[in-house]
Amino acid sequence: MKNKLRFNTITIHGGQSHDPAYGAVMPPIYQTSTYAQTTPGGHKGFEYSRTHNPTRQALEKSLASIENGKHGLAFGSGLAAIDAVLKLLEPGDEVISTNDLYGGSYRLFTKIFEGFGIKFHFVGMSDVNEITNAINKKTKLIWVETPTNPMMNVVDIKAVSVIAKKHQLLLAVDNTFASPHLQQPLNFGADIVMHSATKYIGGHSDVVLGALIVNDDNLAERLFFIQNASGAVCGPMDSFLTLRGIKTLHVRMQRHCENGKIIAEYLNKHPKIEKVYWPGLEEHPNHAIAKTQMRDFGGMLSFIPKGADFDAAIKIIENLKLFTLAESLGGVESLAGHPASMTHASIPKKEREKSGVVDSLIRLSVGIEDGQDLIEDLEQAIG
Ligand code: P1T
């Protein structure tokens, strides 16, 4: 057999082996907090489940393999994974982050880590010169989200990694919106890939979980130390559900992309729609980078109805029947959200609007239902 398997095989087999006890094909849910020892330290590699758990370990190996990385670490949520990355830093250090990013990441940066003496610069990364301009002697980390939540800006990971390497900075990429099916940031020179596996990786809206994937052994060791010392790990049941999700990631993503395309094109032609943000559209400002960096363009998009204000946008969302009004994204079912009052409400209005998150912006997570049914739902809701 070939050494290097292809992505559609890696999702199912990557890093996995049948359970040694009874040959179970799926890793069993090892619902245990601790493991018997014959003498202190006399154990089979597992001591205590905050440190290691066989189901979590199976997931971590799978996560590493789907990102083409060496080490995977799983956490209790995406934010817990981001929290672990920031704990690599010290008071006085500085971070350069995308200015359009998940509101919860912004809240963690500004409301928790700024209090511990870490400074954040939020810049538009479509122009990488903005990153270079913000670098100084205290800069330690570049935090990239691409595509961004919710404006769907695409950042050129390779170009940012050249800057990061030149200045000896860590580059972390939140790959939640793309999933490893669409892009593998380590291949473009990122040091850390982060996921809210709650989204496409889990894929069924039934689990909250976070992930980090790295290649460097020393960095992995520091992150494993933080994971164990801070303790924000995921449980065995959630690890199992996420592993099950990964096995169909490639198939789900294909359909998310197909449906994303037909809905983006439908909305883009609709006389009552002002603007559609989806990187697959030729007029998208980062379409050229998206085409080279991403395998396809995904199922996330945002749009602004013509002449709409806060109330008009909410009315459209409330009219939707197949799209469920809810936070989150990346599950098999379509969701609609209002970033200004939901996922991005923790960003001050002035800051939010600077990056385009206006009151009339609607965000869609396009699921894997029949695309025509989704279009008919949007048609009746827009009116
Ligand atoms: O929710 P959690 O698993 O902790 O992941 C946080 C997170 C991190 N990064 C990105 C890009 C995200 O979109 C999220 C979570 N986002 C939503 C809940 C949302 O509806 O946008």
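**Exercise 1. Work out which domains build the shell around the ligand, and what kinds of residue it holds.**

Step 1. Start with the domains: domain 1 (7-246) and domain 2 (249-382) each give at least three residues to the shell around the ligand. The domain bounds come from an automatic or database domain assignment.

Step 2. Before going on, keep in mind that this is a predicted model, where local features need pLDDT of at least 70 and side-chain atom pairs count only at pLDDT 80 or more, while totals for chains, interfaces and linings use all residues. Numbering runs from 1 along each chain as its sequence is written, and side-chain values use heavy atoms, with hydrogens and water left out.

Step 3. Now the shell itself: 18 residues surround the ligand, and the closest are Asp-174, Ser-196, Thr-198, Ser-328 and Arg-363. A residue is near the ligand if one of its heavy atoms lies within 4 Å of it.

Step 4. Sort the shell by type and you get five nonpolar, eight polar and five charged residues. Here Ala, Val, Leu, Ile, Met, Phe, Trp, Tyr, Cys and Pro count as nonpolar, Asp, Glu, Lys and Arg as charged, and the others, Gly among them, as polar.

Step 5. Which elements supply at least two shell residues each? α3 (78-86) and β6 (192-196) do. Helices (H or I, at least four residues) and strands (E, at least two) are DSSP runs, numbered from the N terminus.

**Exercise 2. Find polar side-chain atoms that approach the ligand, with their distances.**

Step 1. Look for polar contacts, meaning pairs of N or O atoms within 3.5 Å.

Step 2. Asp-174 puts a polar side-chain atom 2.6 Å from a ligand nitrogen. For Thr-198, the distance to a ligand oxygen is 2.7 Å, and for Arg-363 a polar side-chain atom sits 2.8 Å from an oxygen of the ligand.

Step 3. As for cover, the ligand on its own has 470 Å² of accessible area, and the protein covers 93% of that. The area comes from the Shrake-Rupley method with a 1.4 Å probe.

**Exercise 3. Trace the seven-stranded sheet and place Asp-174 in it.**

Step 1. Read off the order: β1-β7-β6-β5-β4-β2-β3, an open sheet with mixed pairing. Two strands pair if DSSP finds at least two bridges between them.

Step 2. Why do β1 (71-75) and β3 (119-123) each have one side without a neighbour in the sheet? Both stand at the edges with a single partner strand, so one side of each is left free of a sheet neighbour.

Step 3. Zoom in on β5 (residues 170-174), which runs parallel to β6 and is joined to that strand by three bridges. Asp-174 stands opposite Met-194 in β6.

**Exercise 4. Locate the cis peptide bonds at Pro-147 and Pro-150, and the positive phi at Asn-68.**

Step 1. Most residues other than glycine have a negative phi, and most peptide bonds are trans.

Step 2. Thr-146 and Pro-147 are joined by a cis bond with omega of about -10°; Asn-149 and Pro-150 are too, with omega of about 10°. Pro-147 lies in the loop between β4 (139-145) and α6 (157-166), and Pro-150 is in the loop between β4 and α6 as well.

Step 3. Asn-68 is not a glycine, yet has a positive phi of about 55°. Find Asn-68 in the loop between α2 (54-66) and β1.

Key
Polar contact = N/O pair within 3.5 Å; in protein donor to acceptor, adjacent residues only side chain to side chain.
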